[in-house]
Amino acid sequence: MWIRRPDDLKSSEITDEKLYIDRRRFLLTAGIIGASGAGLLACDNEAQANGSADAAGGSAQDPQDKINTYEQITSYNNFYEFGTDKEDPKQNSAGFHPQPWTVRVEGLCRKPGDYHFEDLIKPHKVVDRTYRLRCVEAWSMVIPWQGISLAEMIKRFDPQPSAKFVAFTTVMRPDEMPGQRRPVLRWPYIEGLRMDEATNDLTLMATGLYGKPLPNQDGAPIRLIVPWKYGFKGIKSIVKIAFVDRQPETTWNIAAPDEYGFYANVNPEVDHPRWSQGSERRIGEFRRRRTLMFNGYADKVASMYAGMDLRKNY
Ligand code: MTE
């Protein structure tokens, strides 16, 4: 599917946030998208979450969850390639060009190659998934993503049985990404998942939010979303996907191995050395709320970690 950039859109075509929410509610009440149908938002800003799940089970929405506003989601970001302050990514990413875009697929799979963004997306159904994003810094948001199930995408690359992990790499463009001109982190940003995590129904390759293409500051044109893990696993602006047989290195684990592990599952019982993980502040609210095990998605993911010591495998 060809996804147009905001520059290609006439202003009359851009869905504003209220319209987006109203349209979802209309489709819902009109029965055009069913309460358990694929692609359903599990909650809605004003009607609030009703606890129902989308097809993949984007469930476990706290009944109090409200979707954060487009403004909040696009102006309070972590994207160190554009600076380390929360406002930097929005301010410094206007000169970034997410089109044309190519993703290299390599390693232990039978369909490696350079996939143009449009070809990567085209064969797949774009689904709506509203997920909580829980940052290790103890803030959180609720974000209405659009994207492709990573499990679906992976099937197409036909991984070999020896592929046990998937490694992801962010684009390296110091000319367009001022943060990459300083050694704040080891560039490019890299992340990884175990194969069962990558192919879990919840795992998404996001290409949009609020019905619009991903803004640069949120990881245009394609990023990873793993809702039961801390936000740093959600690597942005991906240019490489590699199938490997060993646990790949990850940026934050390289930067501070005692603070950031490979698994990074949201776990209120294991504190980060600098932030208690027992509670969090939802952006836009003052009160703190309790952090849920696996960010509230335990029913869909806990079995993958049965028997593992989650204190050691943080
Ligand atoms: N991906 C890249 N390439 N660079 C980054 O600095 N930050 C991570 C993650 N993905 C980051 C990244 C962190 S720490 C978080 S919390 C989330 O992106 C934030 O996503 P958001 O800005 O869309 O909320």
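A colleague asks a modeller how the terms used for this predicted model are justified.

Colleague: What are the ground rules for this model?
Modeller: This is a predicted model, in which local features need pLDDT of at least 70 and side-chain atom pairs count only at pLDDT 80 or more, while totals for chains, interfaces and linings use all residues. Residues are numbered from 1 along each chain as its sequence is written, and side-chain values use heavy atoms, with hydrogens and water left out.

Colleague: Why is F165 with F262 called edge-to-face?
Modeller: Rings of Phe, Tyr and Trp (its six-membered ring) pair if their centres lie within 6.5 Å; planes under 30 degrees apart are stacked, over 60 edge-to-face, and the rest tilted. The centres of F165 and F262 are 5.9 Å apart and their planes stand at 80 degrees, so the pair is edge-to-face. F165 sits in strand β5 and F262 in the loop between α7 and β11, 97 residues apart.

Colleague: What makes Y263 and Y305 edge-to-face?
Modeller: Their ring centres are 6.1 Å apart and their planes are at 85 degrees, so this pair is edge-to-face. Y263 lies in the loop between α7 and β11, and Y305 in the segment after α8 (298-301). Ring pairs link F165, F262, Y263, F294 and Y305 into a cluster. The whole structure holds 15 aromatic pairs.

Colleague: How do you know whether Y210 is buried or exposed?
Modeller: Buried means under 20% relative accessible area, exposed over 50%, and partly exposed in between (1.4 Å probe, protein chains only). Y210 has 1%, so Y210 is buried. A264 has 3%, so A264 is buried as well. F165 and F262 are buried, and so are Y263 and Y305.

Colleague: What is notable about the phi of Y210?
Modeller: Most residues other than glycine have a negative phi, and most peptide bonds are trans. Phi of Y210 is positive, near 50 degrees. Y210 is in the loop between β7 (204-209) and β8. A264 also has a positive phi, near 55 degrees.

Colleague: Which peptide bonds are cis?
Modeller: One joins W187 and P188, with omega about -10 degrees. P188 is in the loop between β5 (165-170) and β6. Another runs from A220 to P221, with omega near -5 degrees. P221 is in the loop between β8 (212-213) and β9.

Colleague: Why are β2 and β6 said to stand at the edges?
Modeller: Strands (E, at least two residues) and helices (H or I, at least four) are DSSP runs, numbered from the N terminus. Two strands pair if DSSP finds at least two bridges between them. Five strands form an open, mixed sheet in the order β2-β1-β10-β5-β6. β2 (113-116) and β6 (190-194) each have a single partner strand, so one side of each lacks a neighbour in the sheet.

Colleague: How do you know that β1 pairs with β10?
Modeller: Four bridges join β1 to β10, and the two strands run parallel. The rule asks for at least two bridges, so they count as paired. G107 stands opposite F243 in β10.

Colleague: What makes an empty space a cavity?
Modeller: On a 1 Å grid over the protein atoms alone, a cavity is a set of points where a 1.4 Å probe fits but cannot get out; lining residues have an atom within 4 Å of a point. The count comes to one cavity of 30 Å³ or more. The largest cavity holds about 90 Å³. Its lining has 13 residues, and L133, I225, V226, K229 and G231 lie nearest its centre. β3 gives the most to this lining, with three residues.

Note on methods: 1 Å grid on protein atoms, 1.4 Å probe; cavity = no way out; pocket = protein on both sides within 12 Å on 5 of 7 lines; lining within 4 Å. Points joined across faces, edges and corners; volume = space filled by probe spheres on them.
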